[in-house]
Each structure stands twice: as C-alpha cells, then as structure tokens.
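Visitor: Please bring up the model. I would like to go through its charge pairs, its surface and its pocket.

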Amino acid sequence: MSRGLAAAGPRAAMAGEMRQGGKLLLTGGVSSVEGAAGGGLASWALIAGNETDAGIGAKAHATYVALPDFDLTSGGVAVGIKDRVELSFARQSFDTRDAGAALGLGKGFRFGQDIYGAKVRLIGSAVYDQDRILPQISIGVQHKRADKAPIIRAVGGRQSNGTDFYVAATKIILSRSLVVNATVRVTKANQFGLLGFGGDRNDAYKAKFEGSAGMLVRRNLLVGAEYRTRPSNLGFAREQRGLDVFAAWSASKHVALTAAYVDLGDVATVRRQRGLFLSVQGSL
C-alpha cells in the first residue's frame, strides 16, 4: 500500500475509490485455477470483478501451469453481482504429455473438466470493515464434470461428476497491507476433480483446508503464499497437498498478471510435480 494511502487513512482512500465507481486494486482477488475469485490454488470470500454493491463486475482468466511431466490449462469467466453473488465457469485441460504413454494412456492423453461455480457473501466486507475484526465470509459451491468417465472408473474413481462445498473467510488489513484467507472445502475430488470423485480407498466427503496470506508491497503488487490440502481417495496413486508462492501484479484497473512457483506433490504416481503457474486476468 502506498504511503499516501496509509497516511490518508483507509476510509478516506476507500471513499476516493468509491467515487470512481469501483473497488481498490486487487480487492476482487485474482482467478483461482477453478475459476472463482481468490488466489491461484484457493477460493477466497471475495467477489469477482471491480464493482462494489453499486454494480455488476466481471472477470475472465487464462491460466497455464507447467509441471515437469504434465501441463494444466484453465480458462473461464466470473461475474460479480453487487459484490454479493458470484457466478463462475472454468474449463480445465490436463495434458499427460510423455507420462501418458508410461501410464498406458497414450502420449499426450488429456483429461478435462468443466467447473460451474456460485458464491454468496454472507456477512462482512474484507475492505470496508476496517474497524472490526470480522472478516468477509462467503459460502460457495463448485459442480465439476470430468470428461473421461471410463478412465476414471478404470483407476478406481467412483464418479466422474461431483460437487465441492466451501466456506471462506477473507480479511484485508489495510493498516498492515495484509491479506489473509482461510477456506474449508468439503470435497471428495481426485486431483481437483480431473480424476473424478471418490475412490477405491475412500468415497466419503472430507473437509479440507485452504490457507492464504499475502502482503501488498505496492498498491498494485501482492506477494504471498498458499497451502491447500486434498483428499487421497485412489489406491493407485497417493494425492498430496498443494502449495504455491505467488506475486499478483495489477497492471491497471482492468488487467492483472499472476506468477507463482507451485508444488502439487506426486501426480498419478509421477513424483515431485513442481513448476510454474502463470495467469492473466481481465476484469470490469
């Protein structure tokens, strides 16, 4: 956060931004890999888009995750309605490259899934409630439809379609230039849902944690880290936590770039999938 903004006080700064008809930079979050407003791996309580409760905002993203043996691409849109309701859609494609042949699927075999999301802000405002400890709290749902049902069944997955439910709490502390988030997701997704839901080891929903912390080192630059736990339902391959260290730069009110180092652990028996996360978002 700039010294000028800090000296003027958060409410004065926010009032100035409000007269411009939009949110402060980066306070709509960036696009998570599943399409909701948040960090790279985690969904946050923030509502997508630049508009406050006076209008309707929107965000579109394109994301590329380059791992040693796999590639993940994600593209999608999210609409924020009066900073209260968010609707989102994302399409993911997971390229197995040479590892596909080693796994018996064929070189360059691709898994894909569509993710339909909805989020509602229940209470609080991450930005405007600076005189209260209460964070912004939202609940959300993500329905995921994977497209390789026969392969999913062959590796032990129980369903190719499934739904995640989550509650997220996000607080932006302007006086400290901090952003913190905690999300509890109830899920049985395998590899975010790309390998279906439930498995031969477990077919029950489990509560998993997503934590994020970041610092605004400049008014338009947020750096931080995320940690996300995931269920391990399939017997043929242990699934592990994911984490990233990220930098999100808002080039303007309407364009933001995110770069991260991401570690997804072992993926489909292939160890140590650590690589680069790049995402570009356009927002209104």
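Guide: What follows is a short round of questions and answers on this structure. The model is predicted, so local features need pLDDT of at least 70 and side-chain atom pairs count only at pLDDT 80 or more, while totals for chains, interfaces and linings use all residues. Residues are numbered from 1 along each chain as its sequence is written, and side-chain values use heavy atoms, with hydrogens and water left out.

Visitor: How many salt bridges does the structure hold?
Guide: Side chains of opposite charge can pair when their charged atoms come close. A salt bridge here is a side-chain nitrogen of Lys or Arg within 4 Å of a carboxyl oxygen of Asp or Glu. The structure's count is 21.

Visitor: Which parts does the salt bridge of K144 and E34 tie together, and how many residues apart are they in sequence?
Guide: The side chains of K144 and E34 meet at 2.6 Å, N to O. K144 lies in strand β7 (residues 136–146) and E34 in the loop between β1 (30–31) and β2 (37–38), so the pair ties together parts whose separation in sequence is 110 residues. Strands are DSSP runs of E, at least two residues long, numbered from the N terminus.

Visitor: Is K144 buried or exposed?
Guide: Buried means under 20% relative accessible area, exposed over 50%, and partly exposed in between (1.4 Å probe, protein chains only). K144 has 0% relative accessibility, so it counts as buried.

Visitor: Where does R274 lie, the partner of D263?
Guide: The closest N and O atoms of D263 and R274 are 3.3 Å apart. D263 is in strand β13 (residues 255–263), so the pair ties parts 11 residues apart in sequence, with R274 in strand β14 (residues 274–283).

Visitor: Which strand gives the most to the nonpolar patch?
Guide: Patches use residues with over 30% relative accessible area and no salt bridge; nonpolar side chains (Val, Leu, Ile, Met, Phe, Trp, Tyr) are joined within 5 Å, like charges within 9 Å. V120, L122, I123, I139, V167, V184, F209 and Y227 form this one, with about 630 Å² of accessible area together (Shrake-Rupley, 1.4 Å probe). Three of its residues come from one strand, β6 (residues 110–123).

Visitor: How many charged residues are in the lining of the largest pocket?
Guide: A pocket is an open set of points on a 1 Å grid, with protein on both sides within 12 Å along at least five of seven lines; lining residues have an atom within 4 Å of a point. This pocket holds about 210 Å³ of space, and F94, F111, L195, V267 and A268 lie nearest its centre among 17 lining residues. By class, 15 are nonpolar and two polar; charged residues: no.

How values were computed
Helices (H or I, at least four residues) and strands (E, at least two) are DSSP runs, numbered from the N terminus. On a 1 Å grid over the protein atoms alone, a cavity is a set of points where a 1.4 Å probe fits but cannot get out, and a pocket is an open set with protein on both sides within 12 Å along at least five of seven lines; lining residues have an atom within 4 Å of a point. Grid points are joined across faces, edges and corners, and a volume is the space filled by probe spheres set on the points. Ala, Val, Leu, Ile, Met, Phe, Trp, Tyr, Cys and Pro count as nonpolar, Asp, Glu, Lys and Arg as charged, and the others, Gly among them, as polar.
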